[in-house]
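User: I'm new to reading protein structures. Could you walk me through this one, feature by feature?

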Amino acid sequence: MAGERGVRGVRGGRLALCTAAVLCATGLLGGTATAAQRTPAPTPSPDADARHLDEVRKEIEGLYRTAERATEEYNAAEEQVQLQQKKIVELARTIDTAQRRLAVLKRQAGALASAQYRTGGIPPELKLVLNADPGAFLAGADLTRKGQQAVKGVIGQLTHLKTDLEGYADDASHRWERLEANRKKKDAARKEINDKIDAAKTLESRLATKEKARLRKLEDDQALLAQQKWLDSGALKEITGKASEQGKKAISYATSQIGKDYVWGAVGPDTFDCSGLTLRSWQAAGRTIPRTSQEQWRQLPRVALKDMRPGDLVIYFSDASHVGLYVGDGAIVHAPRPGRQVTVAGAGSMPILGVVRPDGERTG
């Protein structure tokens with residue numbers, strides 16, 4: 001009945017507004033002035049205003065979603081930049097060691113060449129034939145064999161080392177090219193992130209204070225509606241798993257970050273983006289997981305939604321661009337977007353792509 005009265009109230013309000021508008025337009029309300037003299041400036045209806053605000057919400061949400069996708073691309077590129085830099089440093093050290101070894105081998109080769117020069121360039125085999133002393137011949141044969149082996153060994157090492165150095169140089173060159181490519185990708189992602197966030201902030205800044213409050217409520221209402229739809233599907237009834245010991249530690253860390261600001265590319269301890277929060281939460285539990293939500297989705301063991309348990313990661317959207325940590329009772333802890341803080345939300349408040357388990361233990 002209350003809902004019916006509410007509907008009737010809304011209908012009655014609309015009818016009264018329409019009636020008043022008609023009376024004003026015909027000059028039958030508030031005196032004898034003509035319609036042309038009395039017609040007020042048109043004002044948007046509540047329905048039109050609500051539609052406008054919902055369009056603004058969708059536009060802002062789209063901008064932040066694009067920024068979040070770019071943030072994950074930035075994070076991935078940043079990870080690759082760090083990896084390539086580390087590999088290049090390791091290669092530089094390897095090349096330096098190889099060059100030092102090459103210098104030693106060249107000195108040895110030079111010493112052997114000098115020794116041969118001092119003997120007049122006569123081959124060791126011919127010297128043996130000319131030696132009339134059998135004992136000296138046998139001793140000389142052994143020394144000659146060892147000398148030949150030494151020469152061959154030095155030449156062989158020089159050849160292999162030069163080949164290795166060429167390979168190291170090629171590898172370093174390719175890694176440098178990939179490093180530069182990832183730097184460009186990171187810079188492009190950074191620009192896109194800043195552009196989209198600035199556009200969203202500009203759009204939101206044009207709203208009056210009351211409209212901003214209504215926008216926030218509208219966002220919350222949409223999330224609650226999606227969560228309720230998920231709950232109504234019966235999904236939560238099947239989810240009965242208990243957290244592992246490591247999962248409990250990850251949850252403890254994540255929940256202790258509630259209230260901290262979202263900042264793209266941040267991995268704590270003061271600010272986080274969505275995958276930065278899950279990364280640090282599981283590091284606190286003793287597990288190292290991939291940096292980005294896409295890589296968390298790609299690399300970590302997947303579990304069915306019905307087998308989800310507290311501590312698992314819920315991956316959202318078809319492009320795996322968002323992630324939250326499941327804490328039980330149909331809720332997640334996540335870092336939502338710029339301008340928001342780490343918070344608890346419904347696990348079904350966004351489109352679920354799937355679930356992954358960082359500790360890799362599957363339920364029976």
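Analyst: Happy to. Let's begin with a term we'll need for strands: two strands count as paired if DSSP finds at least two bridges between them. With that in hand, look at Leu 325, which stands opposite Val 333 in strand E4. Three bridges join E3 to E4, and the two run antiparallel. Keep in mind that this is a predicted model.

User: How far should I trust it, then? What does the chain average in pLDDT?

Analyst: The average is 79, and 73% of the residues score at least 70. Be careful with residues 1–42, where the pLDDT is below 50. That stretch has ten contacts in the model beyond near neighbours in sequence.

User: Back to the strands. In what order do the six strands of the open sheet lie?

Analyst: The general idea is that strands of a sheet pair through backbone hydrogen bonds, either parallel or antiparallel. Here the order is E1-E6-E2-E3-E4-E5, with antiparallel pairing. Strand E1 (302–303) and strand E5 (343–346) each have a single partner strand, so one side of each has no neighbour in the sheet. E1 is joined by two bridges to strand E6 (residues 352–356), where Val 355 is the bridge partner of Val 303.

User: Which helices pack on the sheet?

Analyst: Helix H8 (residues 245–256) does, touching strand E3 (322–328) and strand E4 (331–334), with its direction at about 110 degrees to that of E3. Helix H9 (residues 274–284) also packs there, touching strand E2 (313–316), E3 and E4; the angle between its direction and that of E3 is about 45 degrees.

User: Can we zoom in on E4? Are the faces of E4 covered or not?

Analyst: Both are covered: Ala 331 and Val 333 on one side, Ile 332 and His 334 on the other, are all buried. Four bridges join E4 to E5, again antiparallel, and Val 333 stands opposite Val 344 in E5. In the hairpin of E3 and E4, two residues lie between the strands, and Asp 329 takes a positive phi near 55 degrees.

User: Which residues touch the most other members of the largest nonpolar core?

Analyst: A nonpolar core is built from buried residues joined through side-chain atoms. In this one, with 40 residues, they are Ile 60, Trp 282, Leu 313 and Leu 325. The elements giving two or more residues to the core include helix H3 (46–118), helix H5 (134–205), H8 and H9. H3 gives the largest share, eight residues. A second, separate core has 14 residues, among them Met 308, Tyr 316, Ala 347 and Val 355. As for Leu 313, its contacts include Trp 282, Leu 325 and Val 355.

User: How do I check whether a helix has the expected length? What should helix H6 span?

Analyst: Use 1.5 Å a residue: the 24 residues of H6 (residues 209–232) should span 34 Å, and the end C-alpha atoms are 34 Å apart, which agrees. Its buried residues are Leu 215, Leu 218, Glu 219, Gln 227 and Trp 230. Just after H6, Gly 234 takes a positive phi of about 85 degrees.

User: One last residue: is Lys 186 buried or exposed?

Analyst: The cut-off for buried is under 20% relative accessible area. Lys 186 has 13%, so it is buried. This residue sits in helix H5, and leaving aside neighbours within four places in sequence, Lys 186 is in contact with Tyr 74, Ala 77 and Glu 78.

Note on methods
Residues numbered from 1 in each chain as written. Predicted model: local features only at pLDDT ≥ 70, side-chain atom pairs only at ≥ 80, totals over all residues. Heavy atoms only, no water. Contact = heavy atoms within 4.5 Å. Axes fitted to C-alpha atoms, helices over the stretch in contact; angles between N-to-C directions. Expected span 1.5 Å × (residues − 1). Buried < 20%, exposed > 50% of the residue type's maximum accessible area, 1.4 Å probe, protein only. Core = buried A, V, L, I, M, F, W, Y, C linked by side-chain atoms within 4.5 Å. pLDDT = per-residue confidence, 0-100.
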